[in-house]
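Welcome! Please take a look at the sequence and the model below, and then let us walk through them together.

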Amino acid sequence: IVALATLAGRSALNVVRVSGGSSLKLYKKITQKTISPKPNYISLHNIYNPSSKKILDQAMVVYYKGPKSFTGEDCLEFIIHGGVVIVNQLIEACIEVGAREAMPGEFSYRAFINNKIDLLQAESIAAIAGSTNDIDTYYAINNIKGGLSKQIQQGYNLIKEIITIGEHEIDFDEGEITHTKASEYL
C-alpha cells in the first residue's frame, strides 16, 4: 500500500509511506538500484517514473525491514520535496509497479493486526492527528506510548488472579485450606 503520510498541499517536504511484502521490489524499480537498502538508514536517491525513466525528484529514502517497522511489514518512506505535483507522480509510480493506494487508517490497521499496537494506541494515533490543544495531545501521546494499555492490563491481571483464587477456594472445604484475605489484594 502507498499513501501520503503528511498533509497534502503546499509544504517544504512530503513523506510518502509504502508498506507490504513487495516494498523492496518497489524500491528497486523506483530508484533504479539493484542492491537492497540497509534497514533503518536514510540515504539520498533519485526517484524515477518506472515507465518513462524520467527523474521525478531526489528523495531521502528509509527502508524498515519487517517486523521492525510501524506496520510490522517491510516499509519504505520517501521524503520528497513539497507540493502536490511530485507527490502525485510518486504515488502514481508506486501504483504502476504494484502498490495500491492505502485507505484512511490502513497503516495503523496493519500495525494493529500485526500486534505492533493495540486498539487504544490505534485510536490515539487518530486522536493526536485531530487534537487542537495541549491536554488532548498529552493524553494521546501517553496512550500511544501504551500508558493506558498498561494500566488496563494490570487491572485485568489482578482481576484474573482474584477470580482464579476465588474459584480455587470454592473447590475446598474451610477446614482443608487457609482462605486468602481480601486485604492481600487491596
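Is Arg110 buried or exposed? In this predicted model, Arg110 is buried, with a relative accessible area of 16%. We will come back to this residue after a look at the whole chain.

**The overall picture**

The protein has six helices and five strands. Following the sequence from start to end, you meet them in the order β-β-α-β-β-β-α-α-α-α-α. The radius of gyration is 24 Å, well over the 16 Å that the globule rule gives for 186 residues, so the protein is more spread out than a compact globule. Along the principal axes, its C-alpha atoms fill a box of roughly 85 × 40 × 25 Å.

Of the 186 residues, 33% count as buried. The protein exposes about 11900 Å², and carbon and sulfur atoms supply 57% of that area. If you take contacts between residues at least 6 apart in sequence, 51% of them join residues at least 24 apart. As for charge, there are 18 positive and 20 negative charges, and the mean positions of the two sets lie 20 Å apart.

**Salt bridges**

Side chains of opposite charge can pair when their charged atoms come close. The structure holds four salt bridges, and the table shows some of them.

| Salt bridge | N to O distance |
|---|---|
| Glu77 and Arg17 | 2.8 Å |
| Glu73 and Arg110 | 3.0 Å |
| Glu106 and Arg110 | 3.5 Å |

Let us start with the top row, where Glu77 and Arg17 meet in a salt bridge. This pair links distant parts of the chain, with Glu77 in strand 5 (residues 75-81) and Arg17 in strand 2 (residues 13-19), 60 residues apart. Glu77 counts as buried, at 15% relative accessibility.

Now back to Arg110, which forms a salt bridge with Glu73. Glu73 lies in the loop between strand 4 (55-64) and strand 5, while Arg110 lies in helix 3 (residues 106-113), so the pair ties together parts that are 37 residues apart in sequence.

Arg110 also meets Glu106 in a salt bridge. Glu106 and Arg110 are four residues apart in helix 3, which separates them by about one helical turn. An α-helix has 3.6 residues a turn, so residues three or four places apart point the same way. Glu106 counts as buried too, at 8% relative accessibility. Taken together, Glu73, Arg100, Glu106 and Arg110 are linked in a network of salt bridges.

**Around helix 3**

Which residues of helix 3 are buried? They are Glu106, Phe107, Ser108, Arg110 and Ala111, so both helix 3 partners in the bridge between Glu106 and Arg110 appear here. These buried residues pack against strand 1 (2-4), strand 2 and helix 4 (119-130). Just after helix 3, Asn115 takes a positive phi of about 60°.

**A stop in helix 4**

Our last stop is Ile125, which is found in helix 4. With a relative accessible area of 23%, Ile125 is partly exposed. What does Ile125 touch, leaving out residues up to four places away in sequence? Its contacts are Phe70, Ser108, Ile117 and Ile144. Of these, Ser108 is one of the buried residues of helix 3. Ile159, by contrast, is 34 residues from Ile125 along the chain, and the C-alpha atoms of the two are separated by 28 Å.

Methods. Residues are numbered from 1 along each chain as its sequence is written. This is a predicted model: local features need pLDDT of at least 70, side-chain atom pairs count only at pLDDT 80 or more; totals for chains, interfaces and linings use all residues. Side-chain values use heavy atoms; hydrogens and water are left out. Helices (H or I, at least four residues) and strands (E, at least two) are DSSP runs, numbered from the N terminus. The radius of gyration is taken over C-alpha atoms; the globule rule is 2.2 Å times the number of residues to the power 0.38. Buried means under 20% relative accessible area, exposed over 50%, partly exposed in between (1.4 Å probe, protein chains only). Contact means heavy atoms within 4.5 Å. Accessible areas come from the Shrake-Rupley method with a 1.4 Å probe; for residues, only the protein chains shown count as cover. Lys and Arg count as positive and Asp and Glu as negative; His and the chain ends are not counted. The place of a charge is taken as NZ of Lys, CZ of Arg, CG of Asp or CD of Glu. A salt bridge is a side-chain nitrogen of Lys or Arg within 4 Å of a carboxyl oxygen of Asp or Glu.
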